[in-house]
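Subject: Handover of a protein structure

Dear colleague,

Please find below the structure that I am handing over to you. I would be grateful if you would look through it before reading the notes that follow.

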Amino acid sequence: MSSRPILVIGSTGKTGRRIVSRLTGGGHRVRPAGRRTDPPFSWEQPSSWPAVLHGAGSAYIAYAPDLAVPSAPAAIEALVSYAIEAGLEHLVLLSGRGEHHAQRCEKIVQGSGLSHTLIRASWFAQNFSEGDLLEQVRRGMITLPAGQVAEPFVDVEDIADVAVAALTDDRHSGRLYELTGPRLLTFADAAAEISAAAGHPVGYTAVAAGEFRAALAEETGPEYADLFTALCEELFDGRNATLGRGVQDALGREPRDFAGFCRSAAASGVWQR
Ligand SMILES: NC(=O)c1ccc[n+]([C@@H]2O[C@H](COP(=O)([O-])OP(=O)(O)OC[C@H]3O[C@@H](n4cnc5c(N)ncnc54)[C@H](OP(=O)(O)O)[C@@H]3O)[C@@H](O)[C@H]2O)c1
């Protein structure tokens, strides 16, 4: 692997900040990137990209807001071109399991000619503690258009471990890892486990997509409501109701269990009302 800095795009996010912390702790030269870094990196402003890419040897890419949005493939295609021009040697892309726009982005990275690793992750456990569903958990009711579908929630700590391995060890070049947790849980199951750990009741209500979108739009505005509803409609049809072996294949160990995630999140105090 190159001794040049490792660029982490999305460095303050759920995955990025854990990756930065692990790499820094391991003595690697790291270049965090986001809208508040110096120099700043904005997905909406390609003119900000060359300064951030210049001199880096490899990059972790967490696209914002989500690789599932229709604009993602064009952005990833442009970023890959800039990366080639800047002389980067290795790319690690965080992708989403069962998302067709994300899979187009994977193909762009695979066809780049650069060394690469693809991390195709299932729904994050940390969506309940750091992401879109935190407020719902605090309020005691998770409401989603997800029916009784089962998800193999993946712990973001495992994603960070795999990403760091991929950024620091050539053996992961050319690999696509399907990262899931070790168990399939419905959202009702997940709510029950969260409830037990949090010490207050947390339920689950399955709603129709239209109803979900309308309620969310009241809170967050139509743009985010459209994005999140479309993502749910695409994902929650059972396509991801299988376990992957990405953690085992990349790290030679079992993935972290949802129960451990619940214990850590509860201990952090994030679910307190
Ligand atoms: N959540 C899931 O269940 C799930 C599952 C599979 C895959 N994924 C993928 O995970 C990726 C998100 O990764 P994450 O959860 O680690 O990140 P995150 O927690 O959503 O944080 C987003 C990061 O991107 C930065 N950012 C936000 N808007 C930006 C912009 N316009 N330009 C540049 N940077 C921007 C943020 O920093 P600043 O605000 O400081 O700029 C932050 O560092 C998405 O591509 C999604 O497709 C998510």
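Among contacts in the protein chain between residues at least 6 apart in sequence, what percentage join residues at least 24 apart? The figure is 78%. Please bear in mind that this is a predicted model, and that the values below are computed from it.

Overall form

The protein chain contains eleven helices and ten strands. Its radius of gyration is 18 Å, and the globule rule gives 19 Å for 273 residues; the two values are close, so the chain is as compact as a globular protein of that length. Taken along the principal axes, the box filled by the C-alpha atoms is roughly 50 × 40 × 30 Å.

Surface and interior

Of the 273 residues in the protein chain, 52% are buried. The accessible surface amounts to about 11,800 Å², and carbon and sulfur atoms account for 51% of that area.

Charges and salt bridges

The protein chain carries 25 positive and 32 negative charges, and the mean positions of these two groups lie 5 Å apart. Side chains of opposite charge can pair when their charged atoms come close. How many salt bridges does a search of the whole structure find? The search finds 22, and I would draw your attention to the following examples.

One salt bridge is formed by Glu-106 and Arg-120, whose closest N and O atoms are 2.6 Å apart. This pair links distant parts of the chain, since Glu-106 belongs to helix α4 (residues 100-110) and Arg-120 to strand β5 (residues 115-121), with their positions 14 residues apart in sequence. Are these two residues buried or exposed? Both Glu-106 and Arg-120 are buried.

Another salt bridge joins the side chains of Asp-169 and Arg-171, with an N to O distance of 2.6 Å. Here Arg-171 has a relative accessible area of 68%; a residue counts as exposed when this value is over 50%, and Arg-171 is therefore exposed.

Arg-245 and Asp-249 also form a salt bridge, and their closest N and O atoms are 4.0 Å apart. Asp-249 is partly exposed, with a relative accessible area of 44%.

There is also a network of salt bridges that share partners. Which residues does the network join? The members are Arg-17, Arg-18, Arg-22, Glu-130, Glu-157, Asp-158, Asp-161, Arg-253 and Arg-256.

Yours sincerely,
A colleague

Technical notes: Residues are numbered from 1 along each chain as its sequence is written. This is a predicted model: local features need pLDDT of at least 70, side-chain atom pairs count only at pLDDT 80 or more; totals for chains, interfaces and linings use all residues. Side-chain values use heavy atoms; hydrogens and water are left out. Helices (H or I, at least four residues) and strands (E, at least two) are DSSP runs, numbered from the N terminus. The radius of gyration is taken over C-alpha atoms; the globule rule is 2.2 Å times the number of residues to the power 0.38. Buried means under 20% relative accessible area, exposed over 50%, partly exposed in between (1.4 Å probe, protein chains only). Contact means heavy atoms within 4.5 Å. Accessible areas come from the Shrake-Rupley method with a 1.4 Å probe; for residues, only the protein chains shown count as cover. Lys and Arg count as positive and Asp and Glu as negative; His and the chain ends are not counted. The place of a charge is taken as NZ of Lys, CZ of Arg, CG of Asp or CD of Glu.
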